[in-house]
Amino acid sequence: MNPIASNLARLRAEIAAAAQSVRRNPADITLIAVSKTHPIASIETALAAGQHVFGENTIQEALPKIAHFAHRGPPSEISPEWHFIGHLQSNKAKSIPSNFSWLHSLDSLKLAQRLHRFAQEQHTSVNALIEVNITRDPRKHGVAPPDVAPLLERLLAQDLASIRLRGLMTIGPYPAAEPKIRRTYAALRDLREECQRRFDLPAFGHLSMGMSGDYIEAVKEGATLLRIGTAIFGERDYRGTN
């Protein structure tokens, strides 16, 4: 078994065990293989090992990769489903609806309005997660926790039918001990539940949290989307992405 396939098999087993330890169904958790800085050949290897959901951080790097697989049609066993997980500048919003099924970094009404307009023009829709700076780290992007509900209220007041609001995303503290990581992710879960109740949003149930160093803690605190790169592909390859 090649290293990528071996890593995926190990991760799936560990994620399933972590989920079962807190009485969660492993099927409710989606593993996103973060392929940034890794070549198309590595994505092909992961696809062959049964991994179908991939995450990219920049439009510039992602578009050639997406184009490579475009002839294979909609997401399937041979064609990836793409998630944009990095910070998105408004001037790059046009590339999202036609290329990505999910955006994990919605952080403003302005961005949502632009995405909606482009999605309508392209006759499609986008699943969107509000990015939350749960640790209030000035080095990170995202909405501060007290500002999430007001932003959600403004989004819901607009006619943005092409933007499907699906939940919250965050980057956890690193490095940090397990108790701090779990408290942080529990806080995001509580915030999501509060938003669901306040705005009556049954589809707003996703939590994108947990990466290579803390996915076990994230699963135990309710993550539904795990963004894992290094633990699948190894250290990032900065020499090229083709």
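Start at Pro-175, which sits in the loop between strand 6 and helix 6 (178-199). In this predicted model, the peptide bond leading from Tyr-174 into Pro-175 is cis, with omega near -5°. That is worth a pause, because most peptide bonds are trans.

From that loop, step back into strand 6 itself, which covers residues 163-169 and runs parallel to strand 5, with 6 bridges joining the two. To find one of these links on screen, look for Ile-130, whose bridge partner in strand 6 is Leu-168. How does the chain get from strand 5 to strand 6? It passes through helix 5 (residues 145-157), and this β-α-β crossover is right-handed.

Strand 5 has another partner as well. Strand 4 (residues 102-106) pairs with strand 5, again in the parallel sense, over 3 bridges. Here you can pick out Leu-103, whose bridge partner in strand 5 is Ala-128. On the way from strand 4 to strand 5 the chain goes through helix 4 (residues 109-121), and this β-α-β crossover is right-handed too.

Now look at strand 5 by itself. Is it buried or exposed? Of its 6 residues, 126-131, 6 are buried, so the strand is largely enclosed by the rest of the structure. Follow the side chains along the strand and you'll see two sets: Val-126, Ala-128 and Ile-130 point one way, while Asn-127, Leu-129 and Glu-131 point the other way, and all of them are buried.

Ile-130 turns up again in the largest nonpolar core, a group of 65 residues in which Leu-106 and Ile-130 touch the most other members. Who does Leu-106 touch, leaving aside its neighbours within four places in sequence? The list runs through Leu-111, Ala-112, Leu-115, Ala-128, Leu-129, Ile-130, Glu-131, Leu-155 and Leu-165. There is also a second, separate core of 6 residues, and its members include Ile-32, Trp-102, Leu-129 and Met-169.

Next, go to Pro-97, in the loop between strand 3 (81-84) and strand 4. Its relative accessibility is 5%, so Pro-97 counts as buried, the cut-off being under 20%. What surrounds it? Beyond residues up to four places away in sequence, Pro-97 touches Leu-115, Phe-118, Ala-119, Gln-122, Thr-124 and Val-126. You can also check the spacing to Glu-121: that residue is 24 residues apart from Pro-97 along the chain, and their C-alpha atoms are separated by 9.4 Å.

Two loop residues deserve a look for their backbone angles. Most residues other than glycine have a negative phi. Thr-37, however, has a positive phi, near 70°, and His-123 has a positive one as well, near 55°. Where are they? Thr-37 lies in the loop between strand 1 (30-34) and helix 2 (40-48), whereas His-123 lies in the loop between helix 4 and strand 5. Their surroundings contrast: Thr-37 is buried, with a relative accessible area of 11%, but His-123 counts as exposed at 75% relative accessibility.

Another loop residue to visit is Gly-142, between strand 5 and helix 5. With a relative accessible area of 30%, Gly-142 is partly exposed. Apart from its neighbours within four places in sequence, Gly-142 is in contact with Glu-131, Val-132 and Asn-133. Its C-alpha atom is separated by 8.5 Å from that of His-87, although the two residues are 55 residues apart along the chain.

Finally, hunt for the empty spaces. How many cavities of 30 Å³ or more does a search of the whole structure find? The search turns up 1, and the largest cavity has a volume of about 40 Å³. Its lining is made by Glu-131, Val-132, Asn-133, Ile-134, Thr-135, Lys-140, His-141, Thr-170 and Ile-171. Pockets are a separate matter. The second largest pocket holds about 230 Å³ of space. It is lined by 15 residues, and the closest to its centre are Pro-75, Pro-80, Trp-82, Ser-98 and Asn-99. Helix 3 (59-69) and strand 3 each supply at least two residues of that lining.

Methods: Residues are numbered from 1 along each chain as its sequence is written. This is a predicted model: local features need pLDDT of at least 70, side-chain atom pairs count only at pLDDT 80 or more; totals for chains, interfaces and linings use all residues. Side-chain values use heavy atoms; hydrogens and water are left out. A nonpolar core is a set of buried Ala, Val, Leu, Ile, Met, Phe, Trp, Tyr and Cys residues joined through side-chain atoms within 4.5 Å. Buried means under 20% relative accessible area, exposed over 50%, partly exposed in between (1.4 Å probe, protein chains only). Contact means heavy atoms within 4.5 Å. Helices (H or I, at least four residues) and strands (E, at least two) are DSSP runs, numbered from the N terminus. Two strands pair if DSSP finds at least two bridges between them. A crossover is right-handed if, with the strands pointing away from the viewer, the path from the first strand over the helix to the second runs clockwise. On a 1 Å grid over the protein atoms alone, a cavity is a set of points where a 1.4 Å probe fits but cannot get out, and a pocket is an open set with protein on both sides within 12 Å along at least five of seven lines; lining residues have an atom within 4 Å of a point. Grid points are joined across faces, edges and corners, and a volume is the space filled by probe spheres set on the points.
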